[in-house]
Structure formats: C-alpha cells, structure tokens
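Please look over the sequence and the 3D structure shown here. Then read the report below alongside them.

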Amino acid sequence: MTETLPAPPVDAERFRQALAVHAAGVVVITAQVRGVPVGLTATSFSSVSLVPPLVSFYVDQSSTTWPSLRQADHFAVNVLASDQAELAARFARKGVDRFAAPTEWRPGPLGVPLLDGVSAQLVCAPHSTVDIGDHVLVVGLVTDTNLLPGGRPLLYHQGRFGRFIPHT
C-alpha cells in the first residue's frame, strides 16, 4: 500500500542528525540457532505492553545477523550496564566472533545466551514481526527476567556511548 504524504520527507542525513539528540538505552539481543549463538546491538528497544508482557526492538533489514536471529524460538534482551560500551561496539561490528573472549556469557533458559555483567535480562518468545521502512519491528513476549540491582544503563547519544548521571 502506498500512502500519500502531506509533504516530502526530510532527507536521511538531516533525519539522522535530529535523532542523534535523543539519548537511547543500549541492549544486545542474543539467541541460539542450531547450536550457534548469534547477537546484535540495538538502541531501539522499548516496552510495548504490561499485559501481556511485550517488548520490541528494530533491526535493519540489511543486517547479516537478522536471518539467523529470526529463526530462533527464544531470544534474550540484555540491557547493558554503563561500563559495557566495548561490548555494545563488539556486537555492532561485522565480521567478528561476538561471543569469543573477551565476551563473557552463559547459556540461560532454553539455551539462550545471557551476557554477564548486564543490568537486566529479558528472555522472550517471538510474538510478531512487521516490515516497516528499511527495518523490521520485532516484538517479543517476555517469559523470564533477571535483574541485577543498582546497575546504571549504557546510553547512546550523538553517535557515542555514555553514562546516565542522575540529578541530585
């Protein structure tokens, strides 16, 4: 379906610049497909619903990890802690074994890879996917959680990773 826009859309670079001023939390999505761990970094993570418990993230349709990840029967959302910028960068890189040292992880429920040192983990069953623009919206039903108290989140802002500092 083609929809008529009221005005021409802004160009991609200007749009990217505008979005860069919005700070976003950083997560790494992990799964195991045919015994092989896969994962990617995402800054588009969001809660969707409390009842049922749903979360979402977006993945670029050109992602080389997405074809494997979409086959997983479960995945984990690893909410990164403020000291995990290198881990976020590693899972965003192409052509590296993201699960090799120095990445520390363990198999979780149903074999889903869980990253060590994160602020929280949400294990999810795939709920739905929708192709939107050049991305895929992935929605997961949360089936298990693990919270590590006191952790501060890793943030992404202006193309860089940073830490949250609360007002006192």
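The report covers confidence, sheets, unusual backbone spots and pockets.

**The model and its confidence**

This is a predicted model, in which local features need pLDDT of at least 70 and side-chain atom pairs count only at pLDDT 80 or more, while totals for chains, interfaces and linings use all residues. Residues are numbered from 1 along each chain as its sequence is written, and side-chain values use heavy atoms, with hydrogens and water left out.

The score pLDDT is the predictor's confidence in each residue, from 0 to 100. The protein chain averages 92, and 97% of the residues score at least 70. Among its elements, β6 has the highest mean pLDDT, 98, and α1 the lowest, 86. Element names follow DSSP runs: helices (H or I) have at least four residues, strands (E) at least two, and numbering starts at the N terminus.

**The seven-stranded sheet**

Two strands count as paired if DSSP finds at least two bridges between them. Seven strands form an open sheet with antiparallel pairing. Their order is β3-β2-β6-β9-β10-β5-β4. Strands β3 and β4 (46–49) stand at the edges, each with a single partner strand, so one side of each has no neighbour in the sheet. From one strand to the next, the twist averages 35°.

Helix α3 packs on this sheet and touches β2 (27–33) and β3. Contact here means heavy atoms within 4.5 Å. The direction of α3 makes about 110° with that of β3. Such angles run from 0 to 180 degrees between N-to-C directions, with axes fitted as lines to C-alpha atoms, for helices over the stretch in contact.

Look at two pairs of strands inside the sheet. Seven bridges join β2 to β3, which run antiparallel. Alanine 31 has valine 38 in β3 as its bridge partner. Strand β6 (residues 75–79) is joined to strand β9 (residues 120–132) by five bridges, also antiparallel. Here valine 79 stands opposite alanine 120 in β9.

In a regular strand, side chains alternate between the two faces of the sheet.

**The three-stranded sheet**

A further open sheet has three strands in the order β1-β11-β12, with antiparallel pairing. Strands β1 and β12 are at its edges, each with a single partner strand, so one side of each lacks a neighbour in the sheet.

Strand β1 (residues 24–25) joins β11 through two bridges. Alanine 24 stands opposite tyrosine 156, and glycine 25 stands opposite leucine 155. On to β12 (residues 160–163): β11 pairs with this strand over four bridges. Leucine 154 has arginine 163 in β12 as its bridge partner.

**Turns and cis bonds**

The hairpin of β2 and β3 has two residues between the strands. In this loop, arginine 34 has a positive phi of about 50° although it is not a glycine. The hairpin of β11 and β12 also has two residues between the strands, and its glutamine 158 takes a positive phi near 55°.

Where are the cis peptide bonds? One runs from valine 51 to proline 52, with omega near -5°. Proline 52 sits in the loop between β4 and β5. Another runs from alanine 101 to proline 102, with omega near 20°. Proline 102 is in the loop between α3 and β7 (105–107).

**Two pockets**

On a 1 Å grid over the protein atoms alone, a pocket is an open set of points where a 1.4 Å probe fits, with protein on both sides within 12 Å along at least five of seven lines; lining residues have an atom within 4 Å of a point. Grid points are joined across faces, edges and corners, and a volume is the space filled by probe spheres set on the points.

| Pocket | Volume | Lining | Top contributor |
|---|---|---|---|
| Largest | about 1400 Å³ | 32 residues | α1, five residues |
| Second largest | about 170 Å³ | 13 residues | β3, three residues |

Which residues lie nearest the centre of the largest pocket? They are Leu19, Thr43, Ser44, Asp60 and His135. The elements giving two or more residues to this lining are α1 (12–20), β3 (36–42), β5 (54–60), α3 (85–92) and β11 (154–157). By class, the lining has 14 nonpolar, 13 polar and five charged residues. Ala, Val, Leu, Ile, Met, Phe, Trp, Tyr, Cys and Pro count as nonpolar, Asp, Glu, Lys and Arg as charged, and the others, Gly among them, as polar.

In the second largest pocket, Val38, Gly39, Thr65, Val96 and Arg98 lie nearest the centre. Its lining divides into four nonpolar, five polar and four charged residues.
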